[in-house]
Amino acid sequence: MRNSLTWCAIGLLTVFTLCALLGPWLAPHDPAQLNLSARLLAPGIAHWFGTDELGRDIFSRTLYGARISLTVAVSVVAVSLIVGVIVGCIAGYYGGWRDVALNIYVMNAFMALPGILLAIAFVAFLGPGLRNVILALAITGWVGYARLMRAQVLAVRQREFVEAARALGANDRRIIVLHILPNVIQPLIVQAAIGMSTAVLAEATLSFLGLGVPPPAASWGAMLSDARAHLFDAPHMVFFPAVALMLCVLAFSFLGDALRDRLDPRTRLTSGL
């Protein structure tokens with residue numbers, strides 16, 4: 001069952017990636033093209049997923065929505081991971097007043113604030129846009145990686161191979177990059193896979209509230225927001241972007257679980273691997 005879910009997640013992510021990369025060639029219509037004479041059409045041959053209240057093709061908009069969601073997910077996780085690794089390494093390796101300042105004051109201050117509310121306030125202050133959405137979600141997402149990195153570095157920094165490298169005269173940067181990071185990167189990979197599902201859902205939330213990518217850009221959250229007024233007379237407007245969002249989030253979640261089972265030695269021992 002776990003192998004089936006893993007391959008299902010990989011297949012779904014492959015499909016979403018191809019949709020994001022090949023969207024302009026796969027989309028049968030311009031996602032921003034208005035056609036008021038064809039508004040609220042049910043799914044059919046001309047429009048596979050139907051049309052919305054402005055006559056725009058929902059299938060084309062769903063394809064372009066995958067591009068925005070995956071761009072936000074990869075960018076947010078990349079920025080959060082870089083910041084979290086740097087801060088976590090400094091706090092865990094050096095300790096002392098650096099650890100107190102970064103862990104107790106900075107990290108706890110960010111964790112005390114609800115992440116989505118902080119992102120909403122950030123985007124509302126700077127204005128909607130793809131770059132602002134990525135920055136807002138990265139600002140609230142780096143803390144988890146920093147705490148995880150700090151804990152891993154604390155567990156590894158006194159190991160024998162680290163002491164041996166230090167005794168041979170290796171500087172701190174060489175010890176961290178060549179000796180510590182390769183031994184603590186596995187849980188970060190799992191956290192990053194799960195963090196992508198959180199980033200996709202957070203971007204959809206901001207777009208649903210009107211704080212994401214501004215129109216006419218297609219976003220799954222904005223499509224769901226536009227469909228609220230037609231929930232009963234045109235349910236296809238809600239169904240297709242909601243299913244795409246659900247499958248994307250589930251795919252990243254299943255991939256994170258699979259990576260955890262694969263990379264965690266304790267889980268492998270329990271499973272007889």
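**Exercise 1. Determine how helices α3 and α4 are oriented to each other in this predicted model.**

Solution. The helices α3 and α4 are oblique to each other. The classification follows from the geometry. Helix α3 covers residues 58-94 and helix α4 residues 96-112, and the two pack at an angle of about 135°. Angles over 145 degrees would count as roughly antiparallel and those from 65 to 115 as roughly perpendicular, so a value outside these ranges and not under 35 is oblique. The axes of α3 and α4 lie 7 Å apart, and the crossing is left-handed.

The next step is to identify the residues involved. Helix α3 contributes Val 87, Ile 90, Ala 91 and Tyr 94, while α4 contributes Gly 96, Arg 98, Asp 99, Leu 102 and Met 107. By class, the contact of α3 with α4 comprises 6 nonpolar, 1 polar and 2 charged residues.

**Exercise 2. Describe the surroundings of Arg 150, and decide whether this residue is buried or exposed.**

Solution. Begin with the location: Arg 150 belongs to helix α6, which covers residues 130-156. The relative accessible area of Arg 150 is 17%. The cut-off for burial is under 20%, so Arg 150 is buried.

Next, consider its partners. Apart from neighbours within four places in sequence, Arg 150 is in contact with Gly 88, Ala 91, Gly 92, Asp 99 and Asn 103. With one of these, Asp 99, there is a polar contact between the two side chains at 2.7 Å. Asp 99 also takes part in the contact of α3 with α4, on the α4 side, and Ala 91 takes part on the α3 side.

**Exercise 3. Characterise the packing of α5 and α6 by angle, distance and handedness.**

Solution. Helix α5 covers residues 115-126, and its axis comes within 9 Å of that of α6. The axes cross at roughly 145°, and the crossing is right-handed.

On the α5 side, the contact is made by Gly 115, Leu 118, Ala 119, Phe 122, Val 123 and Leu 126. On the α6 side, it is made by Asn 132, Val 133, Leu 135, Ala 136, Leu 137, Ile 139 and Thr 140. The contact of α5 with α6 has 10 nonpolar and 3 polar residues, and no charged ones.

**Exercise 4. State how many helices and strands the protein chain has, and describe the chain as a whole.**

Solution. The protein chain has 11 helices and 0 strands. Its C-alpha trace spans about 75 × 45 × 30 Å along the principal axes. Of its 273 residues, 41% count as buried. Among contacts with a separation of 6 or more, 70% join residues 24 or more positions apart.

Notes: Residues are numbered from 1 along each chain as its sequence is written. This is a predicted model: local features need pLDDT of at least 70, side-chain atom pairs count only at pLDDT 80 or more; totals for chains, interfaces and linings use all residues. Side-chain values use heavy atoms; hydrogens and water are left out. Helices (H or I, at least four residues) and strands (E, at least two) are DSSP runs, numbered from the N terminus. Buried means under 20% relative accessible area, exposed over 50%, partly exposed in between (1.4 Å probe, protein chains only). A polar contact is a pair of N or O atoms within 3.5 Å; within protein, one must be able to donate a hydrogen and the other to accept it, and residues adjacent in sequence count only if both atoms are side-chain atoms. Contact means heavy atoms within 4.5 Å. Axes are lines fitted to C-alpha atoms, for helices over the stretch in contact, and angles run from 0 to 180 degrees between N-to-C directions. A crossing is left-handed if the near helix is turned anticlockwise from the far one by less than a right angle, and right-handed if clockwise. Ala, Val, Leu, Ile, Met, Phe, Trp, Tyr, Cys and Pro count as nonpolar, Asp, Glu, Lys and Arg as charged, and the others, Gly among them, as polar.
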